[in-house]
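Trainee: I should like to take a close look at a single part of this structure, the surroundings of the ligand. Please then place that part in its wider setting.

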Amino acid sequence: MRVQVAIVGAGPSGLLLGQLLQRAGIDALIIERRSAEYVLGRIRAGVLEQGTVDLLGRAGVGERVAREGLVHDGFDVLFGGQRHRVNLSALTGRHVVVYGQTEVTRDLMDARLSAGASTIYDAADVSVHDFDADHPRVRFRVDGAAHEVACDFIAGCDGFHGVCRQSVPADALRQFERVYPFGWLGVLSDTPPVSHELIYVNSPRGFALCSMRSPTRSRYYVQCSLSENVDEWPDSRFWTELKARLDPATAGGLVTGPSIEKSIAPLRSFVAEPMRFGRLFLAGDAAHIVPPTGAKGLNLAASDVHYLSSALVEFYQSGSRAGLDAYSARALARVWQAERFSWWMTHLLHELPEGGAFSARVQRAELEYLVASQAARTALAENYVGLPY
Ligand SMILES: Cc1cc2nc3c(=O)[nH]c(=O)nc-3n(C[C@H](O)[C@H](O)[C@H](O)COP(=O)(O)OP(=O)(O)OC[C@H]3O[C@@H](n4cnc5c(N)ncnc54)[C@H](O)[C@@H]3O)c2cc1C
């Protein structure tokens, strides 16, 4: 089998790249190790920057997000028992859109299906070869049968635990990492959100986030220790803990109900440099991870795909390698801005177990500065809505 671009991974990066290439007439095959149902069942991100929504539109999948996505002009920061609004629209002229990652994935899968583009699901033993030479190949097994795909380029869109980054020789890669000493316990429930906008909570009991996926489906998180197990958190304990981190008025308005998903996610900052090795290009979580506090993971995957798809289209249309050569530097410049912001938001809002009393006071001073200073709020808002591509 031969294609122009072999894409490893059918998460948001792989599917969006596949869609943009397919619309430009470039032959791309996606190879995914899980089933389509499994990929669709993963509950993850939910806040889209306007740039991401625009990119979905350019990919021909903007119709449902425009109709069903919830436009958010701001969010609240709750600390010291009081809620303070950050008005994104007034501060930046832009907004964000709440639309679940599963919905983005579903739209992209549907578009791929109707275009007749191929995706191989349940591919086992995926491996990438010869990307440092002119004829890269991807090998995998389906139902025990071995397959090999020859291609011009490989896009490594296979997430943090994928095979592409791990196939790069160690001495060609520099990795930067920070693992935080806490995680997020998340609950999804079919209950109306406690507020029509997100509430980021800094409390002495730890961070919390009141978020949503739709007017009838809520997503809540509480900071937890990494040693905790989800089985130790029956719904009743989760709701009691969440209420204890909110101010009385917000807690009083919280509608609780049975969880339909509950999981603990560790928090990590990670960047691998560069994002290109010969004819292998990394995109999304395969190259970088941010803690979810700044809502940047999915949006960064989209901006990588924007740079990579433009570079591949330029190559196939004009023969120019300029975009391909610039890809890693361009993507990394934006990645590091998002890394900085996500790291800063995480330190601003979480209870820092190793920080001690001094850190707690500095954190409080920074929160008060945010309330007092329009310049500080503008800097927060500009990063939250997303820096331009
Ligand atoms: C638990 C969790 C919660 C999150 N919450 C948020 C949030 O609230 N806000 C936010 O902005 N971001 C969040 N993120 C991050 C966000 O979901 C990711 O940044 C986003 O999914 C990145 O998309 P991706 O396509 O690059 O990677 P992924 O979504 O990880 O997709 C990679 C795909 O590659 C496949 N794959 C892996 N290995 C192989 C292989 N060897 N061969 C073939 N296929 C392979 C995987 O099965 C997967 O389908 C969260 C992430 C996690 C894990």
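Which residues come nearest to the ligand, of the 29 around it?

Mentor: The model is a predicted one. Of the 29 residues around the ligand, those that come nearest are Ser13, Glu32, Arg42, Gln101 and Asp285. By class, the shell is made up of 13 nonpolar, 8 polar and 8 charged residues. Two helices may be named as contributors: H1 (12-23) and H9 each supply at least two residues of this shell.

Three polar contacts may be described atom by atom. Gln101 places a polar side-chain atom 2.7 Å from an oxygen atom of the ligand. With Gly297, a backbone N or O atom lies 3.1 Å from a ligand oxygen atom. Lys296 also takes part through its backbone, where a polar atom is 3.5 Å from an oxygen atom of the ligand. As for cover, the ligand has 1000 Å² of accessible area on its own, and the protein covers 86% of that area.

Next to Gln101 in the numbering is Thr102, which has its place in helix H6 (residues 101-115). Thr102 counts as buried because its relative accessibility is 14%, and the cut-off for that class is under 20%. Leaving aside residues up to four places away in sequence, Thr102 touches Leu40, Arg42 and Ile43. Arg42 in turn is one of the residues that come nearest to the ligand.

Helix H9 leads from the ligand shell to the nonpolar interior. The largest nonpolar core holds 77 residues, and the most contacts inside it belong to Ile7, Leu16, Leu17, Leu21 and Val138. Helix H9, which spans residues 297-318, gives the most to this core, with 10 residues. A second core, separate from this one, has 32 residues, among them Val77, Phe79, Leu367 and Ala381. As a general background, nonpolar side chains tend to be buried together in soluble globular proteins.

Two leucines show how this region is connected. Beyond residues up to four places away in sequence, Leu17 touches Ile7, Ala155, Cys157, Val305, Leu308, Ser309 and Leu312. Leu308 is itself placed in helix H9, and it counts as buried because its relative accessibility is 1%. With the same exclusion of sequence neighbours, Leu308 touches Leu17, Ala155, Phe281, Ala283 and Tyr327. Ala155 is thus touched by Leu17 and by Leu308. For a sense of scale, Leu308 and Tyr180 are 128 residues apart in sequence, and their C-alpha atoms are 30 Å apart in space.

Some backbone details in the loops also deserve attention. The peptide bond from Glu273 to Pro274 is cis, with omega near -10°. Pro274 is found in the loop between strand S17 (259-273) and strand S18 (276-277). Asp130 has a phi near 55°, a positive value in a residue other than glycine. The loop that holds Asp130 runs between strand S9 (124-129) and strand S10 (137-142), and Asp130 is partly exposed, with a relative accessible area of 34%. Asp143 likewise is not a glycine, yet has a positive phi of about 50°. Asp143 is found in the loop between S10 and strand S11 (145-150). Asp143 is classed as exposed because its relative accessible area is 81%, where the cut-off is over 50%.

Note on methods: Residues numbered from 1 in each chain as written. Predicted model: local features only at pLDDT ≥ 70, side-chain atom pairs only at ≥ 80, totals over all residues. Heavy atoms only, no water. Core = buried A, V, L, I, M, F, W, Y, C linked by side-chain atoms within 4.5 Å. Buried < 20%, exposed > 50% of the residue type's maximum accessible area, 1.4 Å probe, protein only. Helix = DSSP H or I, 4+ residues; strand = E, 2+ residues; numbered from the N terminus. Contact = heavy atoms within 4.5 Å. Near = heavy atom within 4 Å. Polar contact = N/O pair within 3.5 Å; in protein donor to acceptor, adjacent residues only side chain to side chain. Areas by Shrake-Rupley, 256 points an atom, 1.4 Å probe, with all protein chains shown as cover. Nonpolar A, V, L, I, M, F, W, Y, C, P; charged D, E, K, R; others polar.
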